Amino acid sequence: MKVIANPKHAEHAAPGEWENGTVIPCFECPPRFDAIRAALVTAGGFDFEEPPKASEDALAGVHHPAYVAYLREASAEAKKARDSNAKQLWPTVFPYGPNPRATGARALRGTYCYDTYTPILPGTFASALGGAASAARAADLVASRSESAVYVLTRPPGHHAEPDRCGGYCYLNNTAVAAERLSKLGPVAVLDLDVHHGNGTQHIFYARPDVLTVSVHGDPAALYPFYSGYADETGTGPGLGANANFPIPVGTGPKEYRPVMAAARDAVARFKPAFLVFAFGADAHESDPIGGMKLPTKFFAEMGAAVRELNLPTVIVQEGGYNLTALGPCVAEVLGAFAG
Ligand SMILES: [Zn+2]
């Protein structure tokens with residue numbers, strides 16, 4: 001299987017994240033990429049490739065141009081800063097009132113970000129754009145039918161990135177970039193099996209009838225991103241019926257996960273898409289530090305097989321997964337099911 005690997009991923013490495021008033025080590029870190037790569041090399045049968053030079057054109061139809069400009073300019077501002085504190089741009093105040101006015105730099109930080117886990121650093125834009133370029137390349141390979149399934153090895157992840165806001169470690173929505181590209185050629189389904197709701201992907205395509213978004217994730221009453229991911233969010237306008245959420249209780253194990261995964265897959269099959277984008281996270285693993293689910297490593301082979309059964313040209317995009325020991329083996333299990 002071809003793997004498109006983001007050559008710029010390590011340029012973004014957050015020094016920590018703000019959790020309930022405390023700075024803790026950032027779970028989303030460059031060793032995640034290395035752990036996956038090492039596991040795939042060990043497993044064998046993977047052909048690693050870098051994408052062509054990144055272009056912002058890949059973001060058209062996915063992110064608002066003003067947001068893309070903000071990410072680009074804020075990263076450049078962080079790069080130019082002399083003291084190390086100014087090289088990290090964290091939002092601390094968020095928009096309020098009926099007509100929030102963002103004219104200064106500090107206001108823009110809160111305007112374009114919705115949490116305290118997602119700082120802008122000197123290399124953030126280059127790193128995120130490298131992921132988008134990787135997703136675009138994978139989509140092109142699948143679209144040309146030269147490959148039936150291509151895996152995008154990248155970080156930071158993307159599915160929490162909204163059209164105009166970063167959050168949840170995500171800046172540019174790689175899954176949505178692949179889906180948007182493929183949607184020029186036929187209907188596309190996105191199946192998101194990261195443990196967190198793919199809020200950004202849902203919202204990017206919420207009014208679109210040609211891109212189905214389906215997500216299985218921890219109940220947002222208990223798990224990030226908290227404000228979306230409920231079962232009654234089904235799309236809007238022409239996109240009504242083209243979004244399906246399957247929230248599950250934190251603590252879910254294989255026995256309860258299996259029928260929900262099958263229902264999500266069946267929702268994809270009923271849509272009769274021409275292409276599939278599989279947003280994969282390994283953070284439903286039993287040892288994940290932030291997921292809270294109980295899926296063992298071997299279950300991920302079953303997950304891969306369930307998605308493979310759809311028998312669709314598929315781009316597999318790496319989203320979360322934060323246990324550095326479990327992450328690589330989980331990815332290898334999922335991809336092994338596609339290769340086998
Ligand atoms: Zn996640």
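## Close-up views of a predicted model

A search of the whole structure turns up 15 salt bridges. Keep in mind while you look that this is a predicted model.

**View 1. A salt bridge joins aspartate 140 and arginine 181.** Side chains of opposite charge can pair when their charged atoms come close. Here, the closest N and O atoms of aspartate 140 and arginine 181 are 2.8 Å apart. This pair ties together distant parts of the chain, with the two positions 41 residues apart. Aspartate 140 sits in helix H4 (residues 124–143), while arginine 181 belongs to helix H5.

**View 2. Eight strands make an open, parallel sheet.** Read across the sheet and you get the order E4-E1-E5-E10-E9-E6-E7-E8. Strand E4 (47–49) and E8 are the edge strands, each pairing on one side only. On average, neighbouring strands in this sheet are turned by 15 degrees against each other, ignoring direction.

**View 3. Zoom in on strands E5 and E10, a parallel pair.** Strand E5 covers residues 149–153, strand E10 covers residues 314–318, and 4 bridges connect them. To spot one of the partnerships, find alanine 149: its bridge partner in E10 is threonine 314.

**View 4. Helix H5 lies across four strands: E6, E7, E9 and E10.** The helix takes in residues 174–182 and runs at about 180 degrees to strand E9 (275–280).

**View 5. The largest cavity holds about 50 Å³ of space.** Counting cavities of 30 Å³ or more gives just 1. Which elements each supply at least two residues of its lining? They are strand E6 (188–192), helix H6 (199–204), strand E7 (211–218) and strand E8 (243–248). Among the lining residues are Val190, Asp192, His197, Thr213 and Asn245. Sorted by type, the lining has 3 nonpolar, 8 polar and 1 charged residue.

**View 6. Arginine 155 and proline 156 are joined by a cis peptide bond.** Most residues other than glycine have a negative phi, and most peptide bonds are trans. In this bond, omega is about -10 degrees. Look for proline 156 in the loop between E5 and H5.

**View 7. The loop between E7 and E8 contains proline 225 and phenylalanine 226.** The peptide bond from tyrosine 224 to proline 225 is cis, and its omega is near 10 degrees. Next, check out phenylalanine 226: its phi is near 70 degrees, a positive value in a residue that isn't glycine.

Definitions and conventions:
Residues are numbered from 1 along each chain as its sequence is written. This is a predicted model: local features need pLDDT of at least 70, side-chain atom pairs count only at pLDDT 80 or more; totals for chains, interfaces and linings use all residues. Side-chain values use heavy atoms; hydrogens and water are left out. On a 1 Å grid over the protein atoms alone, a cavity is a set of points where a 1.4 Å probe fits but cannot get out, and a pocket is an open set with protein on both sides within 12 Å along at least five of seven lines; lining residues have an atom within 4 Å of a point. Grid points are joined across faces, edges and corners, and a volume is the space filled by probe spheres set on the points. Ala, Val, Leu, Ile, Met, Phe, Trp, Tyr, Cys and Pro count as nonpolar, Asp, Glu, Lys and Arg as charged, and the others, Gly among them, as polar. Two strands pair if DSSP finds at least two bridges between them. Axes are lines fitted to C-alpha atoms, for helices over the stretch in contact, and angles run from 0 to 180 degrees between N-to-C directions. Contact means heavy atoms within 4.5 Å. A salt bridge is a side-chain nitrogen of Lys or Arg within 4 Å of a carboxyl oxygen of Asp or Glu.
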